[in-house]
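Please look over the structure below. The report starts with its core and then turns to domains, strands and ligand.

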Amino acid sequence: MSDSINLNVIGTIDSPYKEKFAIPRQPGIVTAAQGQLRLTGSANNAELVRGLAQFSHIWLLFVFHGTQAQGWKPMVRPPRLGGNKKLGVFATRSTFRPNPIGMSVVKLGKIEQQPSQVILHISELDLLDGTPILDIKPYVPYADIIENAHGGYAQEQPNNNIKVIFSNAALVTLDNNSEHYPTLQSLIEQVLSQDPRPAYKQNKADDKIYGMTLYKFNINWQMTDSSTLHVIAIEHID
Ligand code: SAM
């Protein structure tokens, strides 16, 4: 048997997350994140999704295309452990894996059938824009929920609960764009309340002004004390 297998991409993700920084570490954490999965090639055929709409959630298997070129490491430092303890890559959800494959459960919305394009509307995703999808499977609660499963060092979702305050200028930009981006404020709040800074900065105030891109907006923010974050400016990128 050959040691390598060729797989075909069956779709591509349109996501508000245009860069890796600030994407939540798992799906389901940022409920305001909405995206689309556009089926591609021979998978772009409504027959492949017949019956899927009756499921509320789907598994997506995908390629970590944004980090793939950086290769992989046998041991990595999970941010959850403060970034200073190494574990075997197979004991983590790191993107730097021998096969750069990720898996996420996302919420399934409408399945749209355009004349030459099948689009799955999804939400609660943790995927970078342009992520290539390898497979879609329905989430089946009786098999996928395991009562009393042990989550090791990741037993519980981190509870950052950071208060996010918007400047007046940022609120004006949100207001001006509320028609096309009605969930942008919630998305920014939910993303930032996770504190996307590196692990060693968690729970600490910080002078640095950070930037992140969501949809077509550059967002500048600063952590002014250990539990309050200020959104300084939101700029629409033309
Ligand atoms: N839920 C998936 C899993 O468990 O396989 C991903 C977990 S991984 C810890 C989540 C991180 O993957 C996100 O914070 C984001 O930075 C990164 N990510 C998401 N999509 C990516 C992509 N296409 N390429 C590289 N990194 C990506």
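## The nonpolar core

In this predicted model, the largest nonpolar core holds 36 residues. Ile133, Leu187, Ile188 and Ile219 touch the most other members. Several elements each supply at least two residues of this core. The strands among them are S2 (34-39), S3 (57-63), S6 (101-114), S7 (117-123), S8 (132-138), S11 and S12. Helix H3 (184-192) is on the list too. H3 gives the largest share of the core, 5 residues.

Where does this core lie with respect to domain 1 and domain 2? Domain 1 (11-144) and domain 2 (163-236) both give residues to the core, so it lies between them. Ile188 is one of the residues that touch the most other core members. Leaving out residues up to four places away in sequence, isoleucine 188 touches Leu214, Ile219 and Val231.

## Two domains

The chain is divided into domain 1, residues 11-144, and domain 2, residues 163-236. Their C-alpha centres lie 24 Å apart.

How many residues of each domain are in contact with the other? On the domain 1 side there are 16, and on the domain 2 side 14. The side of domain 1 that touches domain 2 has 10 nonpolar residues. Another 4 are polar and 2 are charged.

## Strand pairing around S12

Strand S12 (residues 228-236) pairs with S9 and with S11. Which way do S11 and S12 run, parallel or antiparallel? S11 (residues 217-225) and S12 run antiparallel, joined by 8 bridges. A hairpin links S11 to S12 through 2 residues. Within this pair, tryptophan 221 has valine 231 of S12 as its bridge partner. Val231 is also one of the residues touched by isoleucine 188.

S9 (residues 163-166) and S12 run parallel. Here 4 bridges join the strands. Isoleucine 165 has histidine 230 of S12 as its bridge partner. In a regular strand, side chains alternate between the two faces of the sheet.

## The ligand shell

What residues come nearest to the ligand? There are 18 residues around the ligand, and Ile23, Gly66, Gly102, Leu128 and Thr131 come nearest. By class, the shell divides into 6 nonpolar, 8 polar and 4 charged residues.

## Summary

The 36-residue core lies between domain 1 and domain 2. H3 gives the largest share of that core. S12 runs antiparallel to S11 and parallel to S9. The ligand has 18 residues around it.

Methods: Residues are numbered from 1 along each chain as its sequence is written. This is a predicted model: local features need pLDDT of at least 70, side-chain atom pairs count only at pLDDT 80 or more; totals for chains, interfaces and linings use all residues. Two strands pair if DSSP finds at least two bridges between them. A nonpolar core is a set of buried Ala, Val, Leu, Ile, Met, Phe, Trp, Tyr and Cys residues joined through C-beta atoms within 7 Å. A residue is buried if 20 or more other C-beta atoms lie within 10 Å of its own, exposed if 12 or fewer, and partly exposed in between; C-beta atoms are placed from the backbone. Domain bounds come from an automatic or database domain assignment. Two residues are in contact if their C-beta atoms, placed from the backbone, lie within 7 Å. Ala, Val, Leu, Ile, Met, Phe, Trp, Tyr, Cys and Pro count as nonpolar, Asp, Glu, Lys and Arg as charged, and the others, Gly among them, as polar. A residue is near a molecule or strand if its C-beta atom, placed from the backbone, lies within 6 Å of it.
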